[in-house]
Amino acid sequence: MLEAGLWGLAAASALVVGALIGLASKVPRQFVALAMAFGAGALISALAFDLTEDAFAQGGTLPVAAGLAAGALTFFAGNQVLHRRGGARRGKKVGKAADNGSAIVLGAMLDGIPESVVLGSTLIAGGAIGLPFLAAVAISNVPEALSAAADLRREGHRPPWIIGLWVAVAVVSGIASALGYALLGGMGEGAIPLIQAFAAGAILTMLSDTMIPEAFADGGDLTGLATVFGFATAFLLTTVS
């Protein structure tokens, strides 16, 4: 459980790195958007080959179908609750500046929890951490926090507050990873395909609803190329790992 939490914290610490970069330098928004598209492509590859393919090989069609549907619907429902509370996808200005910080951190936690849970679940039954998936999560976290940190600073928030915000998100992600191992491990090895498919459905819905539209808004026509490049890079990591 401790190892799972530390792996989740390690992946989420990329959020803090991204925030530090966003506060220390003025990175062009198009570059940030294309980096986000690259991370989205890497996540698509990881969830396809590290999650869904493994789930199908171990459990067959029914667990995969049920898990994908349950994960997608769970993220959709959580996202709707967030929107009703005034939230929006990360990096997008919403309402008053005082409300935007909470919207961004809630969105980051909602997006990051499925990723963290599956990181923890990969250690169930003595398995090794999925390095391609870990890398994909870390890569996607940097540009998201970079963009949000720059927006928060423009709205008047002080750098220590912004860094503390992302440290808190990283800690929550580590806790989610540990809980993913502890709670889901009790379901037995037979539940692993369902868990993997659930995480894949939640992450794919998140990518379609938040990361890819946000990347395209600032990245323009190059977004698709960056996404494919991220997919190819993560697939290469999968084949050599």
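A crossing of two helices is called left-handed if the near helix is turned anticlockwise from the far one by less than a right angle. The exercises below apply this and other terms to a predicted model.

**Exercise 1. Describe the overall make-up of the protein: how many helices and strands does it have, and what share of its residues is buried?**

Solution. Begin with the elements: the protein has 8 helices and 0 strands, and from the N terminus on they run α-α-α-α-α-α-α-α. Next, turn to burial, where buried residues make up 49% of the 241 residues. Finally, look at the contacts between residues at least 6 apart in sequence, of which 85% join residues at least 24 apart.

**Exercise 2. Determine how helix 2 is oriented with respect to helix 7, and in which hand the two cross.**

Solution. Two packed helices are described by the angle between their axes and the distance between the axes. For helix 2 and helix 7 (residues 192–219), the axes come within 9 Å and cross at roughly 160 degrees. Angles over 145 degrees count as roughly antiparallel, and helix 2 and helix 7 are therefore roughly antiparallel to each other. As for the hand, helix 2 passes helix 7 in a left-handed crossing. The residues that make this contact divide into 22 nonpolar, 7 polar and 5 charged.

**Exercise 3. Carry out the analysis for helix 2 and helix 5, and state which residues meet.**

Solution. The axes of helix 2 and helix 5 (residues 131–154) come within 8 Å, with a crossing angle of roughly 150 degrees. That angle makes helix 2 roughly antiparallel to helix 5, and the crossing is left-handed. On the side of helix 2, the residues in the contact include R29, V32, F38 and D50, while those of helix 5 include P132, F133, E144 and R154. Sorted by kind, the residues of this contact divide into 15 nonpolar, 3 polar and 5 charged.

**Exercise 4. Find the aromatic pairs of the structure, and decide whether F38 and F229 are buried or exposed.**

Solution. A search of the whole structure finds 3 aromatic pairs. One of them joins F38 and F229 in an edge-to-face arrangement, with 5.3 Å from centre to centre and 65 degrees between the planes. This pair links distant parts of the chain, since F38 belongs to helix 2 (residues 29–59) and F229 to helix 8 (residues 223–240), 191 residues apart. To judge burial, recall that residues under 20% relative accessible area count as buried and those over 50% as exposed. F38, at 18% relative accessibility, is therefore buried, whereas F229, with a relative accessible area of 54%, is exposed. In addition, F49, F231 and F235 form one aromatic cluster.

**Exercise 5. Locate S173 and M1, and name the residues that each contacts beyond its sequence neighbours.**

Solution. S173 lies in helix 6 (residues 159–185), and because its relative accessibility is 5%, S173 counts as buried. Leaving aside neighbours within four places in sequence, S173 is in contact with G8, A12 and S116. S173 and I113 are 60 residues apart in sequence, yet their C-alpha atoms are 6.0 Å apart in space. M1, by contrast, is found in the segment before helix 1 (2–24). Not counting residues up to four places away in sequence, M1 touches A178, L179, Y181 and A182. With L179, M1 has a separation of 178 residues in sequence and 7.4 Å in space, C-alpha to C-alpha.

Notes:
Residues are numbered from 1 along each chain as its sequence is written. This is a predicted model: local features need pLDDT of at least 70, side-chain atom pairs count only at pLDDT 80 or more; totals for chains, interfaces and linings use all residues. Side-chain values use heavy atoms; hydrogens and water are left out. Rings of Phe, Tyr and Trp (its six-membered ring) pair if their centres lie within 6.5 Å; planes under 30 degrees apart count as stacked, over 60 as edge-to-face and the rest as tilted. Helices (H or I, at least four residues) and strands (E, at least two) are DSSP runs, numbered from the N terminus. Buried means under 20% relative accessible area, exposed over 50%, partly exposed in between (1.4 Å probe, protein chains only). Contact means heavy atoms within 4.5 Å. Axes are lines fitted to C-alpha atoms, for helices over the stretch in contact, and angles run from 0 to 180 degrees between N-to-C directions. Angles under 35 degrees count as roughly parallel, over 145 as roughly antiparallel, 65 to 115 as roughly perpendicular and the rest as oblique. Ala, Val, Leu, Ile, Met, Phe, Trp, Tyr, Cys and Pro count as nonpolar, Asp, Glu, Lys and Arg as charged, and the others, Gly among them, as polar.
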